[in-house]
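Good morning, and thank you for the time. I would like to take the group through one chain and its fold.

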Amino acid sequence: MGPDEDRTVWDVVVVGAGPAGASAAYAAAVAGRRVLLLEKAELPRYKTCGGGIIGPSRDALPPGFELPLQDRVHAVTFSLEGRFARTRRSRRMLFGLINRPEFDARLVEHAQKAGAELRTGVTVTRVEQHGPAVPDRRTVAVVLADGETVLARAVVGADGSASRIGAHVGVKLGQVDLGLEAEIPVPPSVAEDWKGRVLIDWGPLPGSYGWVFPKGDTLTVGVISARGEGAATKRYLEDFIARLGLAGFEPAISSGHLTRCRTDDSPLSRGRVLVCGDAAGLLEPWTREGISFALRSGRLAGEWAVRIAEAGDAVDARRQALNYAFAIKAGLGVEMAVGRRMLAVFERRPGLLHAAITGLRPAWRAFTDITRGATTLAGLVRGNGLAHRALDLLDRRMDTSAGVGPVGRGVAPRKEDGAAADETPEGTPGGTPGGAGDAGGDNDGGAAEPRVPEAS
């Protein structure tokens, strides 16, 4: 390859400009590499998402990033199929709420300021690592729908839960859920009633729950449940909206989205191609929270893509890809393993979890620690002896180590500490993040339930 040709080869090409892709592009660009970010839509674009920004999401944002918060949450009302409602409050902010179009666009702007080049309205049909389109073994060909081929030293797939790059890598999925959501404009009197407070309703279907997130003059109302229960999930949303007294307001947007969680043995790379975020099936299985997983895995993917781009041969590229996989599994993978165990308990005993979080101060404190980022679900279970013993006891009583719930859901056979058995890198120390923090300044919520509107 001559010098003129070589200038057309990007160091890193990122496919998908959501939180995962924008984070990957930022991480690679801030390292001084030539980065191209490809997005099939025009920005900003709507995404079905509650838009909750918890502590781990905030901590993974680029330096200087200002969150476009629509509201700051200080109270959570929990209910069990509309009953036994109780509100827990905190003097400190629990988490923030954003609109995804604005949030995603701002992340992309940070990637561009770091040096990444953005191309929108571009659909990637496939990637090739062998064949006539690939000039040498250090190059990946990204083939676009119009026939153009873009060359790169490394590729990051961040193209969502129906990822073409994920298909190339061979991502395997073990849990698929359907989320339905409505963006409902409301008058000021209704908006004021919800300001600073969210509702979480443990739902009637195994593993289901609903939410109300206030964002100024709009309420984001949604539900999620296992795929295959589409009609029942739709009824849950309709009943949920009616029960809240919101049926008379016309939604500005109604949408649906499938969330997909990877299996423990699902690959995270193939050759010089990495996947992150939804494209890798990285999602918290119990709550299906994905923004923090996208931001954190995207940053790691961008950093390791730089190393893969510098790799002189396939052996070195493989070593870097294995280290990326280890970094993901040692952190996010452990969180997912605990989340699967929590989902298994929740599918069978939602009332037990509702009683704990509304009636036990340690459970509420654990919730606030996680939402603020003082710890993670995995860190809490490992660092808190009581939580660890309680979850182990529930596992034994419910035989969750053998898997429970609908086919493809619940818990796979557990390894010690939830660690993955494969893809251990060379020369990389073990260990996982964790440790609980202090979430002082919270009260126990009191007994009063302050206006969860009922259907009239």
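Arg288 is buried in this predicted model, because its relative accessibility is 7%, and the cut-off for buried is under 20%. Its backbone also deserves attention: Arg288 has a positive phi of about 65 degrees, although it is not a glycine. As background, most residues other than glycine have a negative phi. Arg288 sits in the loop between β18, residues 273-275, and α8, residues 291-310.

A second residue of this kind is Glu81, which is not a glycine and yet has a positive phi of about 50 degrees. Glu81 belongs to the loop between β5 and β6, the latter being residues 83-89. Is Glu81 buried or partly exposed? Its relative accessibility is 37%, so Glu81 counts as partly exposed.

One peptide bond should be noted as well. Leu43 and Pro44 are joined by a cis peptide bond, with omega at about -5 degrees. Most peptide bonds, by contrast, are trans. Pro44 lies in the loop between β2, residues 35-39, and β3.

That loop leads us to β3 and its sheet. Three strands form an open sheet in the order β3-β7-β4, and the pairing is antiparallel. β3, residues 52-53, and β4, residues 69-73, are the edge strands, each pairing on one side only. β3 is joined to β7, residues 95-98, by two bridges, and these strands run antiparallel. Within this sheet, Gly52 stands opposite Leu97 of β7.

Let me turn to β13, which covers residues 197-202. How many of its six residues are buried? Six of the six are, and the strand is described as mostly covered. In a regular strand the side chains alternate between the two faces of the sheet. For β13, Arg197, Leu199 and Asp201 are on one side, Val198, Ile200 and Trp202 are on the other, and all are buried, which leaves both faces covered.

β13 pairs with β5, residues 75-80, in the parallel sense over six bridges. In that pairing, Val198 of β13 is the bridge partner of Val76. β13 also pairs with β14, residues 209-215, in the antiparallel sense, here over four bridges. Ile200 stands opposite Trp211 of β14. These two strands, β13 and β14, form a hairpin with six residues between them, and Gly207 in the turn has a positive phi of about 80 degrees.

Next, the interior. The largest nonpolar core has 71 residues, and those touching the most other members are Val13, Phe103, Val142, Val155 and Tyr324. Which element gives this core its largest share? It is α8, with eleven residues. Phe103 may serve as an example of the packing: leaving aside residues up to four places away in sequence, its contacts include Pro19, Ile53, Leu61 and Phe65. Leu67, Pro68, Ile98, Ile291 and Leu295 are also touched by Phe103. Apart from the largest core lies another, of 28 residues, with Leu94, Ile224, Leu343 and Leu353 among them.

I move now to a pair of helices. α10 spans residues 350-359 and α11 spans residues 361-372; their axes come within 5 Å and cross at roughly 90 degrees. The angle therefore makes α10 roughly perpendicular to α11. At their interface, Ala356, Ile357 and Gly359 of α10 meet Arg361, Ala363, Trp364 and Phe367 of α11.

A bench audience will probably ask about cysteines. How many disulfides does the structure hold? The number is zero. Two cysteines can be named with regard to burial: Cys261 is buried, with a relative accessible area of 1%, and Cys276 counts as buried at 0% relative accessibility.

I will end with the chain as a whole. There are 13 helices and 18 strands. Of the 456 residues in the chain, 55% are buried. Finally, among contacts between residues at least 6 apart in sequence, 76% join residues at least 24 apart.

Terms used. Residues numbered from 1 in each chain as written. Predicted model: local features only at pLDDT ≥ 70, side-chain atom pairs only at ≥ 80, totals over all residues. Heavy atoms only, no water. Pairing = 2+ DSSP bridges. Buried < 20%, exposed > 50% of the residue type's maximum accessible area, 1.4 Å probe, protein only. Disulfide = S-S within 2.5 Å. Core = buried A, V, L, I, M, F, W, Y, C linked by side-chain atoms within 4.5 Å. Contact = heavy atoms within 4.5 Å. Axes fitted to C-alpha atoms, helices over the stretch in contact; angles between N-to-C directions. Parallel < 35°, antiparallel > 145°, perpendicular 65-115°, else oblique.
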